[in-house]
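Grab a pencil and keep the structure open beside you. Each exercise below gives you a task, and then we walk through a solution together.

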Amino acid sequence: METEYGLVDSEAVETPGDEWEEIDVSDTEADRIARKRDREFEQFEERIKDADQFKVEQSVFDDATFAALYKLVQDGHVEAFGGPLSTGKEANVYHALGGDREVAVKIYRINSSNFRQMRDYLEGDPRFEGLGGKKKDVVLAWVKKEYANLQRAQAAGVNVPDPIATERNVLVMEYIGDEDGRAKRLGEVSIENPETAYKVVREYMRRLYAAGLIHGDLSEYNIVFDEGQLVVIDLGQAVTVHHPNSRTFLERDCYNVANFFSREGFEVTGDDLLEFVTDPDPDPSGNS
Ligand SMILES: Nc1ncnc2c1ncn2[C@@H]1O[C@H](COP(=O)(O)OP(=O)(O)OP(=O)(O)O)[C@@H](O)[C@H]1O
């Protein structure tokens, strides 16, 4: 069954009828179920490979990635895939229909991922102690880290996409955007009141830091504007305060954010922002 989204509807995977299955008397029920599942998976893989939005990418998605997508469909987290929202070096992000809402599906590439840099970002993180240097393990840990970071940020009161599920190298999260497309980045909109926006971002950074996390790549590119709200995205590289370079990452985030808002007409320095973010009891009325 074709859907407007492409065709990865689990319902659409034809279930073979008994008539074309030759029953081998030596088969156990478990064997038959396993064979049926294999066939359904093969059909799913063929359909997804043929879907327009994946055509250019099929060479980079290995069988294990298709199996992960299939599992997410079976578990009801994804019903049908839409088009790509972003095609990056490490991952592609696709729009999709979830069980009851629109979702964003971020698929990391195992092979072309810059896993050495990923490994560096995982260093010192008590959640991933003992992680070896194998490329696949690093990428899979990274996906789990991104999911855990979203959960932690959300619990700390930071507006981030709701994390929904992970499976191997795939992360499913809430889609931030509307029928016209993904939410615009802060750098793509004209900000009416930069001071208010700055204070929201500043408070998000403080909450994140108080929860032991530093975004590590925060700028106008990773903050989006959705229905009057600012939402922080891309928490994959966010590190815990235990990371040996956490202070450097925090300073960089503060300078990037402060420079952006200064360019937008609200004068603030990276040092002012750093002081606010690391102050356990800051004065919220302060302008810095
Ligand atoms: N939950 C989401 N809802 C809607 N769009 C999203 C979502 N997550 C990511 N995107 C879109 O995909 C783009 C890339 O996502 P993200 O920054 O998480 O991935 P990335 O691989 O780190 O990309 P980049 O290398 O460009 O930083 C975002 O800029 C945004 O446009």
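Two strands count as paired if DSSP finds at least two bridges between them. Keep in mind that this is a predicted model.

**Exercise 1. Find which residue of β2 is the bridge partner of Pro 84, and work out how β1 and β2 run.**

Step 1. Look along β2 for the partner of Pro 84: you should land on Tyr 94.

Step 2. Now take the two strands as a whole. β1 and β2 are joined by five bridges, and they run antiparallel. That clears the cut-off, which asks for at least two bridges.

Step 3. A bit of background helps here. Strands in a sheet pair through hydrogen bonds of the backbone, in parallel or antiparallel fashion.

**Exercise 2. Put the strands of the five-stranded open sheet in order, and name its edge strands.**

Step 1. Walk across the sheet from β1. The order reads β1-β2-β3-β5-β4, and the pairing is antiparallel.

Step 2. Check the ends: β1 and β4 each pair on one side only, which makes them the edge strands.

Step 3. Going from one strand to the next, you meet a twist that averages 25 degrees.

Step 4. Add the helices. Helix α3 (residues 63-74) packs on the sheet, where it touches β3, β4 and β5, and its direction makes about 35 degrees with that of β5. Helix α5 (residues 135-155) also lies across β3, β4 and β5, but its angle is given to β4: about 165 degrees.

**Exercise 3. Decide whether β4 is largely enclosed or not, then describe its hairpin with β5.**

Step 1. Count buried residues in β4. You get four of the five, so the strand is largely enclosed by the rest of the structure.

Step 2. Look for its links to β5. Four bridges join these antiparallel strands, and one pairing to spot is Thr 166 with Leu 171 in β5.

Step 3. Zoom in on the turn. The hairpin has two residues between its strands, and Arg 168 takes a positive phi there, near 55 degrees.

**Exercise 4. Arg 168 and Glu 227 each have a positive phi without being glycine. Is each one buried or exposed?**

Step 1. Place them. Arg 168 is in the loop between β4 and β5, while Glu 227 lies in the loop between β10 (223-226) and β11 (229-232).

Step 2. Recall the cut-offs: 20 or more other C-beta atoms within 10 Å means buried, and 12 or fewer means exposed.

Step 3. Apply them. Arg 168 has 20 such neighbours, so it counts as buried. Glu 227 has 9, so it counts as exposed.

**Exercise 5. Work out where the ligand lies relative to the two domains, and what surrounds it.**

Step 1. Split the chain: domain 1 covers 10-175 and domain 2 covers 181-278. Their contact takes 19 residues from domain 1 and 22 residues from domain 2. On the domain 1 side, α5 gives the largest share, seven residues.

Step 2. Go to the ligand. It is surrounded by 18 residues, and the closest are Ser 86, Gly 88, Ala 104, Pro 161 and Asp 234. The elements that give two or more residues to this shell are β1, β2 and β5.

Step 3. Sort the shell by class: nine residues are nonpolar, four are polar and five are charged.

Step 4. Conclude. Both domains give residues to the shell, so the ligand lies between them.

Key. Residues numbered from 1 in each chain as written. Predicted model: local features only at pLDDT ≥ 70, side-chain atom pairs only at ≥ 80, totals over all residues. Near = placed C-beta within 6 Å. Nonpolar A, V, L, I, M, F, W, Y, C, P; charged D, E, K, R; others polar. Domains from an automatic or database assignment. Axes fitted to C-alpha atoms, helices over the stretch in contact; angles between N-to-C directions. Contact = placed C-beta atoms within 7 Å.
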